[in-house]
Amino acid sequence: MSNFPDPIRAGLERGWKVLGGAHGPLPEKIICDVAIVGSGAGAGITAELLTRAGLDVVIVEEGPLKSSSDFRQRESEAYPTLYQESASRKTADKGVSILQGRCVGGSTTVNWTSSFRTPEPTLRYWEQHFGLDDFGREALAPYFEQAERRLNISPWLMAPNENNELLRRGADKLGIPSAAISRNVKGCWNLGSCGMGCPTNAKQSMLVTTIPAALDLGATLLVETRAEQLVLAGGKVQSLRCIAVQPNGAPVDAGQPATTIVAKHFVLAGGAINSPAVLMRSKAPDPHGRLGTRTFLHPVVMSAAVLAQKVEGWAGAPQSLYTDHFMDTQPIDGPMGFKLESPPLHPVILATTLPGYGQAQADLLTKFPHTHVLLALLRDGFHPEAPGGRVQLRGDGSAVLDYPLTAFVMEGARRALLAMAEIQFAAGAQEVLPVHEMARPYRSWAEAKSAIEALAMKPLLTKVVSAHVMGGCGLAGSEALGVVRPNGVHWQIENLSVHDGSVFPTSVGANPQLSIYGITNRLGQGLTKRLTGASEALA
């Protein structure tokens, strides 16, 4: 890939205004129209809309600016440089491992491209319980359509790899419907290394779409720069204090502010966990105790299987098929529903996820080419016993999510493990291993069913992961129910908006990328209109 065109390096050569890290020292003070914290899904969409309208925009990103020339399909390089806490961020009790991007483009640079519109049952629930009367399917449809055009989101038409095909094969035998997943790709090489950054620039992440568009229109990008604190007075943000950080996130000069940004308007788009944390460090008003609460994860449990044939789950589009059967067959506020998908398999992420250690794990890894994995996204936030978690600050001001895995959640996890094992045996698995510290490989569905029903479904024993963090700055029609208004503006701070997945009042019930694109497209267009009087559309 060494000779593949690199649009980021080309933009830098054209004179993009990028500062921080290797790109040059941060100025002591910057004055602009709008300062955006973050560079992921919500930030990128917002930045493109605002710069199109002629506004002077500064984008603040804690992580580095990496590009296709840096993406060499190596886990050892990708996780430390592109992810929060080297892809080892965890909840307070270590019960859930969380994958979040920490680089220009945010999680859109490292996600697996799965794109779903916000499910209609979720939108109805938001209307009924959070006063979001104008967030129905028809009201949001134009904003989703624009995002899909701008980012080349469409159903994946190539044949699924064997790892995904096994999901369909097993589901078909059990009479369970499955369908293709839409992906935001253009000219995809079908390499399967999406989680390590796309080396061919096929993934239409913010890194190669909206952020370059904003930079071409004159925006300034600060990298390796952490937004520490909003300075508040008189119901407004007066400025944003930032510090320079090293590639590992440690401050370059501890305790010393590197730059102050003064803007007419500020947009938090650092993602759930980070956006609430900025408001907490800023001592933002929170009269109803909503800030940082109702933070959701789509807790994920997994089931591994060994097939006679090679699966080679590292090759090909990572997620191209799914089933919502276990969501659609019960009420949204009933027993916890779950979506089934097939994740990509790479050596490091597989070895750190599978149970066991030493020789036992080495034996499992000898079967790596024949290994298949299913994952279940548990739909949290719709039942009183699945209220999500709370973002908190450690003593050094860094963020951590306290997310209790309640008995209700863990019973949903048990049902998901049962469903996945049955599908895998139906697809021809020789053995199935629920990803649980007390489980072992089972050779039949009857044996697996009996064992899973007896497993102690407790945190740390049951392996739970997540790549979907939502909530903490929820949208609501009244200030008693949320942190921000339906237009994204903070209820108590008039020149502050939040444009990322933290505004969701519940989890989405589907991979949230397109939900963030569509909803922040709407919020961004509204903000552009209020600030400039101009009407801008994403596509």
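Modeller: A residue counts as buried if its relative accessible area is under 20%. The model discussed here is predicted.

Biologist: Why is Phe 338 called buried?

Modeller: Phe 338 has a relative accessibility of 1%. That value is under the 20% limit, so the residue counts as buried.

Biologist: What makes Lys 283 exposed rather than buried?

Modeller: Exposed requires a relative accessible area over 50%. Lys 283 has 73%, so the residue is exposed. It is found in the loop between α9 (274–281) and β14 (295–296), and its phi is near 55 degrees, a positive value in a residue other than glycine.

Biologist: Thr 113 also has a positive phi; what is the value, and where is the residue found?

Modeller: Phi of Thr 113 is near 75 degrees. The residue is found in the loop between α4 (107–110) and β6. Its relative accessibility is 1%, so Thr 113 counts as buried.

Biologist: How many aromatic pairs does the structure hold?

Modeller: There are 7 aromatic pairs. One of them joins Tyr 79 and Tyr 83, with 5.5 Å centre to centre and 80 degrees between the planes.

Biologist: What makes the pair of Tyr 79 and Tyr 83 edge-to-face?

Modeller: Ring centres must lie within 6.5 Å for a pair, and planes over 60 degrees apart count as edge-to-face. Here the distance is 5.5 Å and the angle is 80 degrees, so both conditions are met. Tyr 79 and Tyr 83 are both buried.

Biologist: Why is the pair of Phe 326 and Phe 338 called stacked?

Modeller: The centres of these two rings are 4.9 Å apart, and the planes make an angle of 15 degrees. Planes under 30 degrees apart count as stacked, so the name applies.

Biologist: Which parts does the pair of Phe 326 and Phe 338 tie together?

Modeller: Phe 326 lies in helix α10 (residues 325–328), whereas Phe 338 lies in strand β17 (residues 338–341). The pair therefore ties together parts that are 12 residues apart in sequence. Phe 326, at 17% relative accessibility, counts as buried.

Biologist: How do you know that Arg 183 lies over the face of Trp 156?

Modeller: The CZ atom of an arginine must be within 6 Å of the ring centre and within 35 degrees of the ring normal. Arg 183 is at 4.4 Å from the centre of the Trp 156 ring and lies over its face. Arg 522 is placed over the face of Phe 135 in this way too, at 4.5 Å from the ring centre.

Biologist: Which residue is the bridge partner of Ser 114 in β9?

Modeller: That partner is Arg 183.

Biologist: How do you know that β6 and β9 pair?

Modeller: Two strands pair if at least two bridges are found between them. β6 and strand β9 (residues 182–184) have 2 bridges in the antiparallel sense, so they pair. They belong to an open sheet of 3 strands in the order β6-β9-β7.

Biologist: What makes β6 and β7 edge strands?

Modeller: β6 (114–115) and β7 (153–155) each pair on one side only.

Biologist: How many disulfides are there, and how do you know that Cys 194 is not in one?

Modeller: The structure holds 0 disulfides. A disulfide needs two cysteine sulfur atoms within 2.5 Å. The closest cysteine sulfur to that of Cys 194 is in Cys 188, at 6.1 Å, so a bond is ruled out as too far. Cys 194 is buried, at a relative accessible area of 10%.

Biologist: Why is the sulfur of Cys 242 without a bond?

Modeller: Its closest cysteine sulfur, in Cys 32, is 10 Å away, which is too far for a bond. Cys 242 has 1% relative accessibility and so counts as buried.

Biologist: Which residues lie closest to the centre of the largest cavity?

Modeller: The search finds 7 cavities of 30 Å³ or more, and the largest holds about 110 Å³ of space. Of its 16 lining residues, the closest to the centre are Cys 188, Leu 191, Cys 194, Cys 198 and Thr 200.

Biologist: What supplies the lining of the second largest pocket?

Modeller: This pocket holds about 200 Å³ of space. It is lined by 14 residues, and those closest to its centre are Pro 119, Pro 121, Thr 122, Ile 332 and Arg 379. α5 (120–130) and α10 each supply at least two lining residues, and the largest share, 5 residues, comes from α5.

Definitions and conventions:
Residues numbered from 1 in each chain as written. Predicted model: local features only at pLDDT ≥ 70, side-chain atom pairs only at ≥ 80, totals over all residues. Heavy atoms only, no water. Phe/Tyr/Trp six-rings, centres within 6.5 Å; stacked < 30°, edge-to-face > 60°. Buried < 20%, exposed > 50% of the residue type's maximum accessible area, 1.4 Å probe, protein only. Helix = DSSP H or I, 4+ residues; strand = E, 2+ residues; numbered from the N terminus. 1 Å grid on protein atoms, 1.4 Å probe; cavity = no way out; pocket = protein on both sides within 12 Å on 5 of 7 lines; lining within 4 Å. Points joined across faces, edges and corners; volume = space filled by probe spheres on them.
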